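User: I would like to see how the terms used for this model follow from its values. Please take them one at a time.

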Amino acid sequence: MRHNHLSSPQSRLRTFRLVCRPYERLAVESLLAAEGYVFEPEPYLASARCLTFEPKPLGASAAAVFGLIYILDKSSMLPPLSLDLQDGDTVLDLCASPGSKTGVLAELVGEAGLVVANEPNKKRYQTLRQNMRLANLLQVVTTGYKAEAYPGPRLWDKILLDVPCSGWGTAEKNPQVLSLWRENTIKPLISLQQSLLSRAAALLASGGLLIYSTCTTNVQENENQVLWAAEEFGLQVEALSPWPGFVFDPPQSSLTQGTLRVNGPASQGQSFFVAGLRKPGWKSDSGPGDYDSERVVVDPDVRSRLKAEVDWQVLPPGRVEMEKERLLFKPQPAVHDLAHISWQGTVLGHGRKGLRLSPRARRLVPQPEHGQALVLDSIDELHRLLQGQSLSAPGPGPLAGLYWEDLPLGWVTIKGKRCMWTDR
């Protein structure tokens, strides 16, 4: 049993993901360690870590400010893991905001893959886009359709459906859910979940896999819904592998063997339910498409207007182009396959007064030897920068790449002989 050494007592251990390319994980861990955080790897996902000492709230760490970590409950990582995704896959996340599971999906499909993250609520949609921009997840595009009416005719081999639910599995952290949703008040939720399952089943390709998940312990929203969908749409209950690092309770129905019911207290996380539903038939070959031979195509106007040294070829296959006043990256799988829906790519910058890169576009920061760079190895200097103080500029403006040791963080703005960090 792992011991919890956090500065404040709590029954659940705090888990998070390293949000970076695999070879940058050691550098992100170095940044966290420089601020005094202590953590351990988790056994179910390469990027997952468990915090064992927290000198200050993890969300206030420099790594969090630069979008290099994402705090989420360990149980939230199980639904994406259960989709059995491969590098280069395409997956639809029907109820995505705030993007906790979307980020795990993006890690699993890699930059050759594509995650289509959907959220109909405008406020929650903006939260989703902000979180994806902060994380620099270029393989994610977003859509804003009502999930129960998500457009076709395209069919999907992999769909994640993490439905709105009563949230009883989060009661330890959010006790109000027990009074908000009772046995006699959840009928609207049951109906909504069935509408979502109906649309997801219609969007699922032959041989495709749908993962249905909730953060409740309520059998009506869990096993009963799985049995309803299996009977209503001819789906088959898929046996899911129990992941290490969790304790699972047996399903509440003998007909739903292979579903995962996470025992939250025993797993030191939230209680969760995860089920796999397979559509009978032959699975299509949905590997990476035959895209443009050039890795990334950049609008010539962008190259001429941008006053910063950028190595565009570090980006995955796709297009960089202006759309109104925004500089966007559009992943090639989306350009190639999503002509039937309206979607948005990643914002890299804006062109209101000249074309400026977003300070958050860390993927475009060149190696120090290939462009102007402010390289820091002192955590105190980095803290000063984040507190609004200026540092000596590495050269003339307007921008310089910001590095913690060999880890790109973003872009600093140069004014005269000083440089500052700003998120504008």
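**Reasoning from values to terms**

Analyst: Lys330 has a relative accessible area of 14% and is buried. The model is a predicted one.

User: Why is Lys330 called buried?

Analyst: Buried means under 20% relative accessible area. Lys330 has 14%, so Lys330 is buried.

User: What makes Glu323 partly exposed?

Analyst: Partly exposed lies between under 20%, which is buried, and over 50%, which is exposed. Glu323 has a relative accessible area of 32%, so Glu323 is partly exposed.

User: How do you know that Lys330 forms a salt bridge with Glu323?

Analyst: A salt bridge needs a side-chain nitrogen of Lys or Arg within 4 Å of a carboxyl oxygen of Asp or Glu. The closest N and O atoms of Lys330 and Glu323 are 3.1 Å apart, and the pair forms a salt bridge. Both residues belong to a network of salt bridges that also links Glu321 and Arg326.

User: Why does the pair Asp423 and Arg133 count as a salt bridge?

Analyst: The cut-off is within 4 Å. The closest N and O atoms of Asp423 and Arg133 are 3.9 Å apart, and a salt bridge is formed. This pair links distant parts of the chain, 290 residues apart: Asp423 follows strand 23, and Arg133 is in helix 5.

User: Why are helix 7 and helix 8 called oblique to each other?

Analyst: Their packing angle is about 40°. Angles under 35 degrees count as roughly parallel, and 65 to 115 as roughly perpendicular. An angle of about 40° fits neither range, and helix 7 and helix 8 are therefore oblique.

How values were computed:
Residues are numbered from 1 along each chain as its sequence is written. This is a predicted model: local features need pLDDT of at least 70, side-chain atom pairs count only at pLDDT 80 or more; totals for chains, interfaces and linings use all residues. Side-chain values use heavy atoms; hydrogens and water are left out. Axes are lines fitted to C-alpha atoms, for helices over the stretch in contact, and angles run from 0 to 180 degrees between N-to-C directions. Helices (H or I, at least four residues) and strands (E, at least two) are DSSP runs, numbered from the N terminus. Angles under 35 degrees count as roughly parallel, over 145 as roughly antiparallel, 65 to 115 as roughly perpendicular and the rest as oblique. Buried means under 20% relative accessible area, exposed over 50%, partly exposed in between (1.4 Å probe, protein chains only).
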